[in-house]
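Work through the following exercises with the sequence and the structure open beside you. Try each task before you read its solution.

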Amino acid sequence: MPRWLRYSIVGGIVALTVVLMLAFRHDPLDIRTGTINRPAPAFVLDRLEGSGKVALADHAGKVVVLNFFASWCIPCKEENPALVRAWERYRTSDVVVIGILYQDSLDSGRRYLRDNGVTWPTAADDAGRIAFAYGVRGIPETYFIGTDGIIAGRHVGPIDETTLFNAIETLRPKAQR
Amino acid sequence: MTRERLLIVVALLAIVGALGWSVRPHEATAAERVDHITSELRCVTCQGLSVKDSPAESARQMRDLVVQRVAEGRTDDQIRDEFRASYGDWVLLSPPVASWTGLIWLVPLIAVAAGLAVAIGRVRTSSPTAGAPTASELAALRDRVAREEALDLPQTDGAE
């Protein structure tokens, strides 16, 4: 076998190993493709409970935690206590939590809100349009939108309290922490 | 020309005509465009299924969105780009050649080229001329054979 070919094969194996090592170091729940670092798609949706609308533009300048959920989604129930605590802690500050009901009936969604103590603004997705605009692959999924309206992060799967609070604090302006 | 031959010619002409008709350039209908686009898009909640083939709710919603966009007069590229903006190239079942994911198309070519290089290298080293001795080696070999023949005693068969 020629020397150059031997070196090429060894180099290829080393490169592949490095790529795999870097890939495995990456948190699979922290996906940074698609809409990350891009302006958050705007939406105006009917509130799930009560009257009025839920509009992203109404929360401009705030940190927005956008959570996609459904009543049939077991991991959504698992993560719900963390969201409740975040809402209790930040509801009077510069942080807002918004829930988007995904592929679910309105009645089931409303029941879910009542049974799980969800009091933050929630709305039903418009035939999946909002989920597609954000790049949702499966729920629960949580997007973190900075005060500049840019999607700064995304968490796929049930989120724990530490990850949630860390993500929020990272995005809050220092003066308001 | 016999009747059988005439029938064969007519049948062949019919087949060629049908093939030509099926591949004729024509403007795709809205339904054909939807089928084509959804067959290229990945169902985002499935494992390797296209939007066209998946029975999942999210695939149905994606299909509805494609239908709506086609009705609005968007081009195929615009519709694909809308999904790519949200999901990246991952949402396309075949990665585009123009983007960095297009490198994946090079992998089989590189593998074939490397295999050919190895095969050619092997063939060269195993060919009769590749291992042929040089003139000085042949001369040394002849000298050694001559010396050994001179030293050799006559062979005995052991029966004497």
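Helices, of at least four residues, and strands, of at least two, are DSSP runs that are numbered from the N terminus. The model used in these exercises is a predicted one.

**Exercise 1.** Describe the secondary structure of chain A and of chain B, and state what share of each chain counts as buried.

*Solution.* Begin with chain A, whose secondary structure comes to 5 helices and 7 strands. When you read along the sequence, these elements follow the pattern α-β-β-β-α-β-α-β-α-β-β-α. Chain B, in turn, has 6 helices and 0 strands, and from its N terminus on the elements run α-α-α-α-α-α. For burial, 34% of the 177 residues of chain A count as buried, while for chain B the figure is 14% of 160 residues. As a last step, look at contacts between residues at least 6 apart in sequence: in chain A, 72% of them join residues 24 or more positions apart, and in chain B, 38% join residues at least 24 apart.

**Exercise 2.** Explain why A:Asn80 counts as buried, and find out where in chain A this residue lies.

*Solution.* First locate the residue: A:Asn80 is found in helix H2 of chain A, which covers residues 74-90. Next, recall that a residue is buried if 20 or more other C-beta atoms lie within 10 Å of its own. A:Asn80 has 20 other C-beta atoms within 10 Å, and therefore it is buried. Finally, consider A:Asp160, which is 80 residues away from A:Asn80 along the chain, although the C-alpha atoms of the two are separated by 9.1 Å.

**Exercise 3.** Work out how helix H2 of chain B is placed against helices H3 and H4 of chain B.

*Solution.* Take H2(B), residues 30-40, and H3(B), residues 57-71, whose axes come within 10 Å and cross at roughly 135°. Because of this angle, H2(B) is oblique to H3(B). The crossing of these two helices is right-handed. On the H2(B) side the contact is made by B:Ala30, B:Arg33, B:Val34, B:Ile37 and B:Thr38, which meet B:Arg63, B:Val66, B:Val67, B:Val70 and B:Ala71 in H3(B). By class, the residues of this contact are 7 nonpolar, 1 polar and 2 charged.

Now turn to H2(B) and H4(B), whose axes come within 11 Å and cross at roughly 35°, again with a right-handed crossing. Here B:Arg33, B:Ile37 and B:Glu40 in H2(B) meet B:Asp76, B:Ile79 and B:Arg80 in H4(B), a contact with 2 nonpolar, no polar and 4 charged residues.

**Exercise 4.** Follow H3(B) from its length to its buried residues, and then to the contact between the two chains.

*Solution.* H3(B) has 15 residues and reaches 21 Å from its first C-alpha to its last, which is close to the 21 Å expected at 1.5 Å a residue. Just after this helix, B:Gly73 takes a positive phi of about 95°. The buried residues of H3(B) include B:Ser58, B:Met62, B:Leu65 and B:Val70, and the buried residues of this helix pack against H2 and H4 of chain B as well as against H4 of chain A. For the contact between the chains, 16 residues of chain A touch 16 residues of chain B. Helix H4 of chain A, residues 129-134, gives the most to the side of chain A that touches chain B, with 4 residues. That side of chain A divides into 7 nonpolar, 7 polar and 2 charged residues.

Conventions: Residues are numbered from 1 along each chain as its sequence is written. Chains are lettered from A and ligands numbered from 1 in the order in which they are written. This is a predicted model: local features need pLDDT of at least 70, side-chain atom pairs count only at pLDDT 80 or more; totals for chains, interfaces and linings use all residues. Axes are lines fitted to C-alpha atoms, for helices over the stretch in contact, and angles run from 0 to 180 degrees between N-to-C directions. Angles under 35 degrees count as roughly parallel, over 145 as roughly antiparallel, 65 to 115 as roughly perpendicular and the rest as oblique. A crossing is left-handed if the near helix is turned anticlockwise from the far one by less than a right angle, and right-handed if clockwise. Two residues are in contact if their C-beta atoms, placed from the backbone, lie within 7 Å. Ala, Val, Leu, Ile, Met, Phe, Trp, Tyr, Cys and Pro count as nonpolar, Asp, Glu, Lys and Arg as charged, and the others, Gly among them, as polar. The expected span of a helix is 1.5 Å times one less than its number of residues. A residue is buried if 20 or more other C-beta atoms lie within 10 Å of its own, exposed if 12 or fewer, and partly exposed in between; C-beta atoms are placed from the backbone.
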